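Colleague: Thanks for sitting down with me. Could we go through the model together, with the reasons behind the words?

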Amino acid sequence: MSSVASTNKHVGQSKSRSRNPYRLMTENTLSGMARRKALMGYLFLFPTILGILVFTAGPVLFSFVLSLFRWNVFSPPEWIGFVSYQRMVTDSRALTGFWNSFIFVVFAVSLQVLLGLVLAMILQSHMATWLRYTYRTTFLLPMLMSGAATAIVLGYMLHKEFGAVNYYLGRIGIPPIPWLTQPTWAMVSVIMSYLWLSTGFAMILFIGGLTNISNEILDAADVDGARGLTRFWNITLPLVSPTLLFAAVTGVIGGLQVFNLPYIMTRGGPGDSTRTAVMVMYESAFKNMEIGYGSTIAVVLFLVILAVTAGQFGLSKRWVFYQ
Amino acid sequence: MQSTMMPTAPRRSSAAAAGDFLRYRLGMWLLLLVTTVFAIIVVAPFAWTVSTSMRTPMESFSVPPQWIVLNPDWSNYARVFEEIPFFRQILNSFVVTLAVVVGQLFTASLAGYAFARLEFPGRNLLFWLIMATMMIPLQATIIPVFVIISRMGLANTLWSLIIPALPTAFGTFLMRQYFLGVPKDFEEAAVIDGANQFSVFARVYLPLVTPALAVLAMLVFNGMWNDFFRPLIFINDPLLFTIPLGLNDLKGYMATGSISVVLAGVTMSLIPVVIVYIFGQRYLIEGIMMGGVKG
């Protein structure tokens, strides 16, 4: 802002004293500098804008175009209009995929947010510093494991006969649970594995949100004698609600994209019980080489994510409180 | 937060205060117990992975699990390199991860600086357009990007994992926030010294935001090292696989063999991330919070 103001000032002065060569030079260098600065701005942005156009923004539109064609990569694409969309609404596999993604997101995200908030509140409560850091580091450890490695390791541990989990459950008298071989349990296993992998992330978000709460408000609450559940509902929860919204939105966006865990742990099975929308998209486009149909599922998934996110922000006006 | 958990309530009878204190202590122990149970659930798979990676093929997949292996069988680690081209895959993971980290630091710091410190027509519009693309999930773009990559002749090369990952809306946002925090005085001082715009950026501002560079580097390292979806689609030559794909393959080969070999591979894949994590944990945490608090 300041450079614009100073440029104008000099322009004004130069009109009245345009004969003074020294003034002219100053004017030139200053406006020249503003112009150079603007040019630099575009230059600095060039790699990012080009990259986003080619690899993010462009492809979204391209996806929609592709969804209107039938194309198996080898022969030329053939225009079919909205046929793929009609096919999708009657394709039980695709519908099951979206349904499974929905169930997954409902349970995985609500539990992830709940657990993350509880752990963050425990860690932010009165606790020795070394203990707090030890726990925080511990809960973040799963972030280091790739989804692929997590799926492999937890898949082995949940094995019905030889898995460590059933062994210890057996020790306390619980008969072997078919973690990966029975449809409902398979979904439970994928959700649990996702929670193992991603709760630490939510916890860190909430630690950030809780740290941001101003101490004056908390002190005031103290003086008023608010404690326990009252304090949680009336003070803490409203104050972390912006973080809650962020965790819920990013959680849903991430959850709807889940792929690695079911792909490696259960291959979508047994049957189609853990086949998510992204898996159906992947199989259509890259296994069956139906690029158009895969794009259709991708477009619908994107629209679902947009709609859910918009809905979350719309509803948030009713419950999110900004300090 | 800390001080407020201690009951500093108005004075009451000492008996009530003692009851309060007892309940408070009991609550604390209960919370500690819950937290410890969760901590065990979090750590157990790591411990099980490392210990089982050292069991002999005969006992590799048998119960009870052995947490401390008395006679470790290190041959599982050698077997990983015999079953899959693991050395090449480690190298691939390093090349891709480092290239994307360096590339994103470059593109994001330039763009973030432009949005924070340079003035040009359309700045706000461009900024919000770029922010809007953060909403676009990878899955919605992966098919066209695959088509583009193939047309460019880059399918089944490491370039296909690097080039599409270079532009970053989130990184741009992150760097902009940090650049906004640097006082403008620095720039004016440098301009008086006759520095041009690029050297103001490179010599004056960039060194001041090294923490931001570390934050972005940590997030990108973590994401790229563990990426599975993109390599799965773009790469089909095992010699060009990154580690997560290699491990998935290894699991397939060992379906009837020793799971200890697979777990040895998993253990080795964790070493670089753990090392980076030891030095950069605080940047990783800061990065996650940046997204949440200021986003």
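Modeller: Gladly. Two residues are in contact if their C-beta atoms, placed from the backbone, lie within 7 Å. In chain A, 68% of the contacts with a separation of 6 or more are accounted for by residues 24 or more positions apart. Please keep in mind that this is a predicted model: local features need pLDDT of at least 70, side-chain atom pairs count only at pLDDT 80 or more, and totals for chains, interfaces and linings use all residues. Residues are numbered from 1 along each chain as its sequence is written, and chains are lettered from A and ligands numbered from 1 in the order in which they are written.

Colleague: What makes helix α13 of chain B largely enclosed by the rest of the structure?

Modeller: Helices are DSSP runs of H or I with at least four residues, strands are runs of E with at least two, and both are numbered from the N terminus. A residue is buried if 20 or more other C-beta atoms lie within 10 Å of its own, exposed if 12 or fewer, and partly exposed in between, with C-beta atoms placed from the backbone. In α13(B), residues 243–253, 8 of the 11 residues are buried, so the helix is largely enclosed. Among the buried ones are Ile243(B), Leu247(B) and Lys251(B).

Colleague: And why is α8(A) called roughly antiparallel to α10(A)?

Modeller: The axes of α8 (residues 183–212) and α10 (residues 228–256) of chain A come within 9 Å and cross at roughly 160 degrees. Axes are lines fitted to C-alpha atoms, for helices over the stretch in contact, and angles run from 0 to 180 degrees between N-to-C directions. Angles under 35 degrees count as roughly parallel, over 145 as roughly antiparallel, 65 to 115 as roughly perpendicular and the rest as oblique. That is why α8(A) is roughly antiparallel to α10(A).

Colleague: Which classes of residue make up the contact of α8(A) with α10(A)?

Modeller: There are 8 nonpolar, 4 polar and no charged residues. Ala, Val, Leu, Ile, Met, Phe, Trp, Tyr, Cys and Pro count as nonpolar, Asp, Glu, Lys and Arg as charged, and the others, Gly among them, as polar. The contact includes Phe206(A) of α8(A) and Phe246(A) of α10(A).

Colleague: How many residues of chain B are in contact with chain A?

Modeller: 76 residues of chain B are in contact with 78 residues of chain A. Helix α14 (residues 259–294) of chain B gives the most to its side, with 14 residues. That side has 54 nonpolar, 19 polar and 3 charged residues.
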